[in-house]
Amino acid sequence: MSAKEEFMELLRSTEREGVEDLLVALEEMGFFTAPASSNHHLNVEGGLVVHSLNTCKAALMVWEGMIGLEPGLAKEVERESVIIASLLHDVCKSDIYFRTVKKHKTALGTWEDCEGYKVSYKNFPMGHGEKSVILLLCNGIALTDDEMLAIRWHMGAWGINMNSYEDQRCFDTSQKLYPLVTIIQTADKLAANIMERSGKDLDEL
């Protein structure tokens, strides 16, 4: 099963109204062919859907593990919400990467041309987590409050405007009200920094 097929099967398993319309929209946005980044984890065609799957797998593991420690969590956070928030947290990246040629330093210290991606926000310059939420709501799927906030704040402190007292308070309050916010933040980090790290990443340290 391809990553795209696995993604679609997982999302459909939630039986959330609007999923089919959303899948059509994701195809049109370029979600299934976009990289997950321009220079770091999974910066290859289709990397974004692989990262989304990795985040979902990590999120489900975190959720299940935490229920073992905090049984009441099963009533606070539904499995379908874990799947939806983790699979869709980075929809905002669907239209920001464009193919380009970059200079790459070889092991011998020389430079060579290689294919890569550049970043442009010209299509819809609406931020990161908040952009994902808006795109999802505009493309046919309803989200619960905890799903919206988990997607909005999935970058953790990196997604806060530190000059904004309101941002800081909203982020802090979201974490306290909704455990899903912390689950998705944690899963995103586990995916990018453990599941997707490469030997090249370590060599460049």
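Is Glu27 buried, partly exposed or exposed? In this predicted model, Glu27 is partly exposed, its relative accessible area being 43%; the close-up views below take up this residue and its partner before turning to other salt bridges, the nonpolar core and a helix pair.

**View 1. A salt bridge joins the side chains of Lys4 and Glu27.** The nitrogen-to-oxygen distance in this salt bridge is 2.5 Å, and the pair connects distant parts of the chain, with Lys4 placed in helix 1 and Glu27 in helix 2, 23 residues apart. Lys4 has a relative accessible area of 29% and is therefore partly exposed, and Glu27, at 43%, is likewise classed as partly exposed because its value lies between the limits of 20% and 50%. By the rule applied here, the model contains ten salt bridges.

**View 2. Arg12 and Glu20 form a salt bridge through their side chains.** The N to O distance for this pair is 2.7 Å. Arg12 counts as partly exposed at 38% relative accessibility, and Glu20, with a relative accessible area of 43%, is also partly exposed.

**View 3. Arg16, Glu80 and Glu147 are connected in a network of salt bridges.** Within this network, the closest N and O atoms of Arg16 and Glu80 are 2.7 Å apart, and the two residues link distant parts of the chain, since Glu80 belongs to helix 5 while Arg16 lies in the loop between helix 1 and helix 2, 64 residues apart. Arg16 is buried, with a relative accessibility of 14%, whereas Glu80 is partly exposed, with a relative accessible area of 26%.

**View 4. The largest nonpolar core holds 46 residues.** Phe7, Leu11, Leu26, Leu87 and Leu88 are the members that touch the most other residues of this core. Two or more residues each are contributed by helix 1 (3-12), helix 2 (19-29), helix 3 (47-69), helix 5 (79-88), helix 6 (129-138), helix 7 (145-152) and helix 9 (179-195), and the largest share, nine residues, comes from helix 3. When neighbours within four places in sequence are set aside, the contacts of Leu11 are Val19, Leu22, Leu23, Ile84, Leu87 and Leu88, and two of these, Leu87 and Leu88, also appear among the core members that touch the most others.

**View 5. Helix 3 and helix 5 cross at roughly 150°.** The axes of the two helices come within 8 Å, and because an angle over 145 degrees is classed as roughly antiparallel, helix 3 is roughly antiparallel to helix 5. The crossing is right-handed. On the side of helix 3, the residues that meet helix 5 are Ser52, Leu53, Thr55, Cys56, Ala59, Leu60 and Trp63, and their counterparts in helix 5 are Arg79, Val82, Ile83, Ser86 and Leu87.

**View 6. Arg152 is a buried residue of helix 7.** Its relative accessible area is 18%, and Arg152 is classed as buried because this value falls under 20%. Apart from residues up to four places away in sequence, Arg152 touches Gly129, Glu130, Val133, Gly159 and Asp167.

Technical notes
Residues are numbered from 1 along each chain as its sequence is written. This is a predicted model: local features need pLDDT of at least 70, side-chain atom pairs count only at pLDDT 80 or more; totals for chains, interfaces and linings use all residues. Side-chain values use heavy atoms; hydrogens and water are left out. A nonpolar core is a set of buried Ala, Val, Leu, Ile, Met, Phe, Trp, Tyr and Cys residues joined through side-chain atoms within 4.5 Å. Buried means under 20% relative accessible area, exposed over 50%, partly exposed in between (1.4 Å probe, protein chains only). Helices (H or I, at least four residues) and strands (E, at least two) are DSSP runs, numbered from the N terminus. Contact means heavy atoms within 4.5 Å. A salt bridge is a side-chain nitrogen of Lys or Arg within 4 Å of a carboxyl oxygen of Asp or Glu. Axes are lines fitted to C-alpha atoms, for helices over the stretch in contact, and angles run from 0 to 180 degrees between N-to-C directions. Angles under 35 degrees count as roughly parallel, over 145 as roughly antiparallel, 65 to 115 as roughly perpendicular and the rest as oblique. A crossing is left-handed if the near helix is turned anticlockwise from the far one by less than a right angle, and right-handed if clockwise.
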